[in-house]
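User: I am new to this structure and would like to understand it step by step. May I put some questions to you once it is shown?

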Amino acid sequence: MAIRKLDIIAAAAILLLSFSSASDAQVFDVTKYGAKADGRSSISALMSVWKLACASTRPSKIVIPKGTFLLGEVKIQGPCKAPVEIEVQGTVKAPADPSSFETDGWLTFSYIDNFTLSGGGVFDGQGKIAWEQNDCHKNKKCNKIPMNLRFDFITNALVHDITTLDSKNFHVNVLGCKNFTFLRFKVAAPDDSPNTDGIHIGRSDGIYITDSTIGTGDDCISLGDGSRQVHVTGVKCGPGHGISVGSLGKYKGEEPVSGFWVKNCTLINTENGVRVKTWPASYPGSVSDLHFENINMVKVRNPIVIDQVYCPWNQCQANIPSLVKINNVSFKNIRGSSSTAVAVKLACSSKVPCKDVVVADIHLTYEGPEAPAASSQCSNVVPSILGKQSPQVCA
């Protein structure tokens, strides 16, 4: 019942935002303020137009029409006096050279209430040069690499019918936001593009990702600390590393993660399916109320994972248990095919074992040289097993 109520609230939010972009909105076309769709001239006019729209006491719409525009690093900031929509019909390209950026955001939207981004257009991060230079997984002092879209401290927002393409870093970062919906959103980057998470969420409350397609080189959707009441429905993920909570516990003072629903999604040829990951030798933390339901896996390497010894590139003390508590987690009606023999892996902390884990109606097949059939691995967890299981989980 609680989930149903939240779905209704989300729908109401979408309707409210639709009203804010009604036909009586004041319209600002960037080409009327000097922008040229020639693929070479920077649309510096966007900032001038934003100031006009943000200062208006009437709802406003900024239009970037069809064509190809070049845009440098910009910060689009509120608060504004009335709802504002940016309608992107064309393609907006970032400078290809990552050294031309001063921060880790190409387009940063911040401190705005009642904001809409729409139009069917594309934000092209032109990330190839940055990917070739990216060594941040090995070099902690690496140069900052810009994300395509940063949303910082936005409330009551709707992003729909927008594509983010070939970001140099994360495609989207959502920080400190509340009541934020992504609808018919598309993320596209090659499967070997490093650190190009589709949508990363942190310290935000009430985030909805619906009927969207995400294919990239890292997590399709990832939750950082402080994420609360996040709903993912009808998402197609792949290529990529799956849908993940974490990694958590690496830093002191991380906020709890609570309330994550993933329903009616399909993952295709991804490195992982649905995953919760925490660092060993971690700071204390908590993860609770996670629910993965009606998920279709197509040749996914690790379909169901809890990994509390997450240790990429051996940059940790794997022999010291994680202190992140995981409880109230359910995996229900997850079906399809695994490309590795271990289709279900629940590796919990020996110091704070997982509690209240439910596994129900799992049907995952494996055909390959590793084993005659799919299997499971479990440690420091005693899940409740419901319905039919294939493979047998924690048997």
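User: What percentage of the contacts in the protein between residues at least 6 apart in sequence join residues at least 24 apart?

Analyst: This is a predicted model. Contacts are counted here between residues at least 6 apart in sequence, and the share sought is that joining residues at least 24 apart. That share is 78%.

User: How many helices and how many strands are there in the protein?

Analyst: The protein has 395 residues, of which 52% count as buried. Its secondary structure comprises 3 helices and 32 strands.

User: What radius of gyration does the protein have, and what would a compact globule have?

Analyst: The C-alpha trace spans about 65 × 45 × 40 Å along its principal axes. For 395 residues, a compact globule would have a radius of gyration near 21 Å. The protein agrees with this, as its radius of gyration is 22 Å.

User: Where does UniProt place the feature "active site", and is that residue buried, partly exposed or exposed?

Analyst: The unreviewed UniProt entry places the feature at His241. His241 lies in the loop between strand 22 (236-237) and strand 23 (243-248). Buried means under 20% relative accessible area and exposed means over 50%. His241 has 26% relative accessibility and therefore counts as partly exposed.

User: Which backbone oxygen lies 3.3 Å from a polar atom of the side chain of His241?

Analyst: Leaving aside residues up to four places away in sequence, His241 touches Gly217, Asp218, Asp219, Glu271, Asn272 and Arg275. The backbone oxygen that lies 3.3 Å from a polar atom of the His241 side chain is that of Gly217.

User: Which parts of the chain does the disulfide of Cys220 and Cys237 tie together?

Analyst: The sulfur atoms of Cys220 and Cys237 are 2.1 Å apart, and the two residues form a disulfide. Cys220 lies in the loop between strand 19 (213-215) and strand 20 (221-223), whereas Cys237 is in strand 22, so the pair ties together parts 17 residues apart in sequence. Both Cys220 and Cys237 are buried.

User: Is the disulfide of Cys311 and Cys316 left-handed or right-handed?

Analyst: Cys311 and Cys316 form a disulfide with their sulfur atoms 1.8 Å apart. Because the torsion about their S-S bond is about -130°, the disulfide is left-handed.

User: Which cysteine sulfur is nearest to that of Cys265, and how far away is it?

Analyst: Cys265 counts as buried, at 2% relative accessibility. Cys265 is in no disulfide, and the nearest cysteine sulfur is that of Cys237, at 8.6 Å.

Methods
Residues numbered from 1 in each chain as written. Predicted model: local features only at pLDDT ≥ 70, side-chain atom pairs only at ≥ 80, totals over all residues. Heavy atoms only, no water. UniProt positions renumbered as here; feature names shortened; annotations may be inferred. Helix = DSSP H or I, 4+ residues; strand = E, 2+ residues; numbered from the N terminus. Buried < 20%, exposed > 50% of the residue type's maximum accessible area, 1.4 Å probe, protein only. Contact = heavy atoms within 4.5 Å. Polar contact = N/O pair within 3.5 Å; in protein donor to acceptor, adjacent residues only side chain to side chain. Rg over C-alpha atoms; globule rule 2.2 N^0.38 Å. Disulfide = S-S within 2.5 Å.
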